[in-house]
Amino acid sequence: MTVIEAIQARKSCRTYSGTAVEPGKLSELRQFLSVNTRTPFGGRVRFELADLNDTEAGEVKGLTTYGVIRGARQFIAGCVERGPRAMEDYGYSMERNILQATSMGLGTCWLGGTFKRSGFADRIRIGEDEVLPAVTPVGYPGDKRSVVDRLFRYTAASDKRKHWNELFYLVDTGHALEERQSGEYKIPLECVRLAPSASNKQPWRIILAGDRHALHFYLKRTPGYGHMGKDIELQNVDMGIAMCHFELSAKELGLKGGWSAEDPCITPAGLEYVASWT
């Protein structure tokens, strides 16, 4: 499965079959986690794959930011060093893990929350200078979604995505970017549109520069939403997820570029500048 195919195939899986994942497949996933350390802004991340104990399973049941989970007994947890854009770095890296699991035929689901004093934090031996913004179960999807799963997808509108004219712009937010105007960036932008986000709020907004040499990523924050205690902002994590989808799909298509944090100083009202792809 290519990265773009994995992005298209990925869905939040809240109901798992309970079928054990083969040892060889778990070993392959652990190997990926061990080398997935590069981040757009240089934040230090680390991840671990482990079986849930009863305490951790109870914690998963209590999380509702991205959905409730049934039947999963394994998870990926990780942490990131505190610092500027740490949430974006974590979102970027964890989404790489999720796309890897998807390509292996495994289901996942982002679970955001506060884990500092939890079994998850104990498991990864979280340091004083680290935070754990989210975890994901990993396993084989169940044949049928539970009633609760369907309810959460309906409530969060998980099967719906905003249209291009709500997310992408040309030169400024006064000019919506049409698909036919996006040129070589059409598929990477569509991959961003398909990205998961907390409660499916899709907080990313992207402005394509007039010379087509840069795309500026902005956060449209939902007031009062996504703040999960000190240092954890889930909508910034969502921005990292969007950046991951854009970069991996662009590189798979042979498009050259990289991230910078040089503010173009054109930030529209109501948006926060995050990064640029140039």
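1. Let's start with helix α2 (residues 23-35; helices here are DSSP runs of H or I with at least four residues, numbered from the N terminus): its 13 residues should span 18 Å at 1.5 Å a residue, and the end C-alpha atoms are 19 Å apart, which agrees. The expected span is 1.5 Å times one less than the number of residues.

2. A word on the basis: this is a predicted model, in which local features need pLDDT of at least 70 and side-chain atom pairs count only at pLDDT 80 or more, while totals for chains, interfaces and linings use all residues. Residues are numbered from 1 along each chain as its sequence is written, and side-chain values use heavy atoms, leaving out hydrogens and water.

3. Back in α2, Leu26, Leu29, Phe32 and Leu33 are buried (under 20% relative accessible area; exposed is over 50%, partly exposed in between, with a 1.4 Å probe and protein chains only). They cover an arc of only 120° around the axis, taken from the directions from the axis to the C-beta atoms, which puts them on the same side of α2. Pro23, Gly24 and Val35 are exposed on the other side.

4. Now the largest nonpolar core (buried Ala, Val, Leu, Ile, Met, Phe, Trp, Tyr and Cys residues joined through side-chain atoms within 4.5 Å). This core has 66 residues, and Leu189, Leu215, Phe217 and Phe246 have the most contacts inside it. Helix α9 (residues 234-252) gives the largest share, eight residues.

5. Finally, strands β9 (residues 204-208) and β10 (residues 215-219) run antiparallel and are joined by five bridges; strands are DSSP runs of E with at least two residues. Ile207 stands opposite His216 in β10.

Terms used
Pairing = 2+ DSSP bridges.
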